Amino acid sequence: MGRRPRRGGGRSVTDGPASGAGAEAAASAARELVEVVDEAGTVLDVVTRAEMRSRRLRHRCTYIVVVDRDEQLIVHQRALWKDVWPGRWDVAFGGVVGVGEDWGDAALRELREEAGVEAGLQEIGGGAYDDADVSLLGRVYLARHDGPFTFPDGEVLTADRIRLDDIEQWIAGRQLCPDSLTLAASALGALIDPGPGPEPGPPPAPHG
C-alpha cells in the first residue's frame, strides 16, 4: 500500500461525454456480452450490454465497498459517458459480471480496473434490485485498502475519502447511484455502528 492522498482531494481522471476516449469506451461497453438472469441467478439468455440496457433486463452486478485504515469510505463520481447514471456519485466500485464469470473473480477484476488496486474481499450482502432504469442481482463486498487509487479504466471522474461518521450527511447533499446505495446500506450501517460487543463471560475461577 502506498502513500495516501489527503482527504477531500478529488481527482479528475476521465474525459467528458463528447471526448474521443469517452465515446470509444462507451461504444466498446455497449458491445460487451451480458447474461440475463432470473432472481435466483439462473442464466436465461446472453445479450449485448446495449440490449440489456434498452430492455432493462436483469443481470448480475458486483459492488465493492472500499474503506481505508482511517475508517474513510472511498467514494467516486462516475464518468460522464457511462450508459446509466452518468456523473452520479457512488459508494462502491463494481460493475456487470461477465458471461460465465465467477462472482468473486468479477469483483476482483472490477476493483483492479476501476480503482487500480488489489485487495482481499469479504462478501457482506447482496440481493435483487429493480427500479425504472435497471434490473439486477447483486453481491456486495468489503475491501480494506489505503491506495493510491489510479482508476485505470477511465470510469471514474473524481474520487474522495469520507469519514464513516460523515457518510449520512455526505449522502444527503448529492445525487447517488441508487442500486449500490440500496444494496450496500446495511453494510455501511454496520461499519458506521458496529453495535455492542460480545457479552462478557463469567469471571475466572479463583486460584488455589
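In which loop is Pro148 found? In this predicted model, select Pro148 together with the strands on either side: the residue is in the loop between strand 8 (135–144) and strand 9 (156–163).

**Stop 1: the loop between strand 8 and strand 9**

Display the backbone of Gly147 and Pro148. The peptide bond that joins these two residues is cis, and its omega is about 5°. Next, select Phe151, which is placed in the loop between strand 8 and strand 9. Phe151 is not a glycine, yet its phi is positive, near 55°. Is Phe151 buried or exposed? Its relative accessible area is 6%, and because the cut-off for buried is under 20%, Phe151 counts as buried.

**Stop 2: the loop between strand 3 and strand 4**

Move to Glu71, in the loop that runs between strand 3 (59–67) and strand 4 (72–78). Here again a residue other than glycine has a positive phi, in this case near 60°. The relative accessibility of Glu71 is 33%; since partly exposed covers the range between 20% and 50%, Glu71 is assigned to that class.

Now select Asp68, whose place is also in the loop between strand 3 and strand 4. With 1% relative accessibility, Asp68 counts as buried. Show its side chain and the backbone nitrogens that follow in the sequence. What does the side chain of Asp68 reach at 3.0 Å? That partner is the backbone nitrogen of Gln72. A polar atom of the Asp68 side chain also lies 2.9 Å from the backbone nitrogen of Asp70.

Extend the selection to the contacts of Asp68, leaving aside residues up to four places away in sequence. Asp68 then touches Ile74, Arg144, His145, Asp146 and Arg161.

**Stop 3: the largest pocket**

Finally, turn to the largest pocket, which holds about 520 Å³ of space. To centre the view, select Arg49, Lys82, Gly95, Val96 and Glu110, the lining residues nearest the middle of the pocket. The complete lining comprises 37 residues.

Colouring by secondary structure shows where the lining comes from. Among the elements that each supply at least two residues are helix 1 (20–31), helix 2 (49–55) and helix 3 (103–115). Strand 1 (33–37), strand 3, strand 4 and strand 6 (93–96) each contribute at least two residues as well.

How many of the lining residues are nonpolar, polar and charged? Colouring by residue class gives 17 nonpolar, 7 polar and 13 charged residues.

Technical notes. Residues are numbered from 1 along each chain as its sequence is written. This is a predicted model: local features need pLDDT of at least 70, side-chain atom pairs count only at pLDDT 80 or more; totals for chains, interfaces and linings use all residues. Side-chain values use heavy atoms; hydrogens and water are left out. Helices (H or I, at least four residues) and strands (E, at least two) are DSSP runs, numbered from the N terminus. Buried means under 20% relative accessible area, exposed over 50%, partly exposed in between (1.4 Å probe, protein chains only). On a 1 Å grid over the protein atoms alone, a cavity is a set of points where a 1.4 Å probe fits but cannot get out, and a pocket is an open set with protein on both sides within 12 Å along at least five of seven lines; lining residues have an atom within 4 Å of a point. Grid points are joined across faces, edges and corners, and a volume is the space filled by probe spheres set on the points. Ala, Val, Leu, Ile, Met, Phe, Trp, Tyr, Cys and Pro count as nonpolar, Asp, Glu, Lys and Arg as charged, and the others, Gly among them, as polar. A polar contact is a pair of N or O atoms within 3.5 Å; within protein, one must be able to donate a hydrogen and the other to accept it, and residues adjacent in sequence count only if both atoms are side-chain atoms. Contact means heavy atoms within 4.5 Å.
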